[in-house]
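Thank you all for coming; I would like to take a few minutes to walk through one model with you. Please have the sequence and the structure in view while I talk.

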Amino acid sequence: MSLDTEETVPAIEADGLTKVFEGPNRQPVTAVDGIAFRVPGNRTIGLLGGNGAGKTTTISMVVGLLLPTSGSLRVLGRDMVHDRHLALARMNFSSPYVDLPHRLTVRENLNIYAHLYGVPSARLRIEAVAEDLHLTDLLKRPAGKLSAGQKTRVSLAKAMLNDPVLLLLDEPTASLDPDTGDWVRDYLIRWRARTGATMFLASHNMAEVERLCDEVLIMKAGRIQDQGAPGALIGRYGRRTLEEVFLDIARTPDPFA
Ligand SMILES: Nc1ncnc2c1ncn2[C@@H]1O[C@H](COP(=O)(O)OP(=O)(O)OP(=O)(O)O)[C@@H](O)[C@H]1O
């Protein structure tokens, strides 16, 4: 399924993408069930869905943390099963679920990642990113002594180190107070406008998705249930907000269940 008709190489192209885990008693759990989608470059696409819909599993396959069970997945034009190292250097991700080594300071953590990504002039880059994200005062703190909201911003700083052309975000404003959450959303909008990068984000915050995203994919039980621009979806469902559209889809019985 295509989100637009651009001729450029899409940032992400998935077809028949499937992930099956082994659940309790070795029962298969189909977390992602044959989804197809296309994310064009220079856009922000949101991935929505209730708890357990398959969002984190989808993002984990796109960032190369999980291998698909079947289907094809191309990221920045590279096959994520055979050539993922060629895509990984040009992308990054931020997730509140990835913990940084607790005893290392924020600077030491960022330094390790900067070297892993082969960032030139690592020290200057870390200082610039820390300043951009208002983290300079935290650079000397052990990562284990940060609040949840501070960790979210450090994870974002880590994701910016290599100037990614594709940025994956899982719950980018999780644990942030409303003021800081608003500031991070503004930061992401400005960053994308400046760099022309593509953002692909999973979020439960519908107001955030309406504000940041050009298009959304709505997942339910491992499948894409609907997709479109937030305004178009709101109009099509005859609702006032994306939250109301989300509730309509979430509360409609699943025909495949
Ligand atoms: N490692 C795993 N082993 C077994 N089952 C898993 C594993 N990871 C995820 N699942 C299952 O796959 C399904 C999709 O999980 P996933 O984390 O992708 O959902 P999600 O949409 O990100 O949910 P949430 O909004 O709660 O974070 C769920 O049923 C989950 O229990």
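Let me start with a hairpin, where strand E9 and strand E10 (residues 223–228) are joined by five bridges and run antiparallel. Helices and strands here are DSSP runs, with at least four residues for a helix (H or I) and at least two for a strand (E), numbered from the N terminus, and two strands are said to pair if DSSP finds at least two bridges between them. Before I go further, please keep in mind that this is a predicted model, in which local features need pLDDT of at least 70 and side-chain atom pairs count only at pLDDT 80 or more, while totals for chains, interfaces and linings use all residues. Residues are numbered from 1 along each chain as its sequence is written.

Within this hairpin, Met-219 has Ile-224 in E10 as its bridge partner, and two residues lie between the strands, with Ala-221 taking a positive phi near 50°. On the other side of the pairing list, E9 is joined in parallel to strand E3 (residues 44–49), again through five bridges. Two of the places where you can see this are Leu-48, which stands opposite Ile-218 in E9, and Gly-46, whose bridge partner in E9 is Val-216.

How many of the six residues of E9 are buried? Strand E9, which covers residues 215–220, has five buried residues and is mostly covered. By buried I mean that 20 or more other C-beta atoms lie within 10 Å of the residue's own; exposed means 12 or fewer, partly exposed lies in between, and the C-beta atoms are placed from the backbone.

Stepping back to the whole sheet, E9 belongs to an open sheet of six strands with mixed pairing, in the order E6-E7-E8-E3-E9-E10. Strand E6 (91–94) and E10 stand at its edges with a single partner strand each, so one side of each is left without a neighbour in the sheet. From one strand to the next, the twist averages 15°; for such angles, axes are lines fitted to C-alpha atoms, for helices over the stretch in contact, and the angles run from 0 to 180 degrees between N-to-C directions.

There is also an open sheet of four strands, in the order E2-E1-E4-E5 and with antiparallel pairing. Its edge strands are E2 and strand E5 (78–79), each of which pairs on one side only. Inside that order, strand E1 (residues 12–22) pairs with strand E4 (residues 70–75) over five bridges in the antiparallel sense, and Thr-18 has Ser-70 in E4 as a bridge partner.

Now to the ligand. Which elements each supply at least two residues of the shell around it? They are strand E2 (28–39) and helix H1 (55–62), and H1 gives the largest share, three residues. The surrounding residues include Phe-21, Val-29, Asn-51, Lys-55, Thr-56 and Thr-57, where a residue counts as near if its C-beta atom, placed from the backbone, lies within 6 Å of the molecule or strand. By class, this shell holds four nonpolar residues, seven polar ones and one charged; Ala, Val, Leu, Ile, Met, Phe, Trp, Tyr, Cys and Pro count as nonpolar, Asp, Glu, Lys and Arg as charged, and the others, Gly among them, as polar.

My next stop is helix H5 (residues 148–160), whose 13 residues should span 18 Å at 1.5 Å a residue, and whose end C-alpha atoms are 19 Å apart, which agrees. The expected span is 1.5 Å times one less than the number of residues. H5 is mostly covered, with ten of its 13 residues buried, among them Arg-153, Leu-156 and Met-160.

Two loop residues deserve a look. Asp-163, in the loop between H5 and strand E7 (166–170), has a positive phi near 50° although it is not a glycine, and it is partly exposed, with 14 other C-beta atoms within 10 Å. Glu-171, in the loop between E7 and helix H6 (178–195), likewise has a positive phi of about 50° without being a glycine; is Glu-171 buried or exposed? With 20 other C-beta atoms within 10 Å, Glu-171 is buried.

Finally, a word on annotation: an unreviewed UniProt entry lists residues 12–246 as "domain: ABC transporter". UniProt positions are in the numbering used here, feature names are shortened, and annotations may be inferred rather than shown by experiment. Over residues 12–246, the chain is 36% helix and 27% strand, and the end C-alpha atoms are 24 Å apart.
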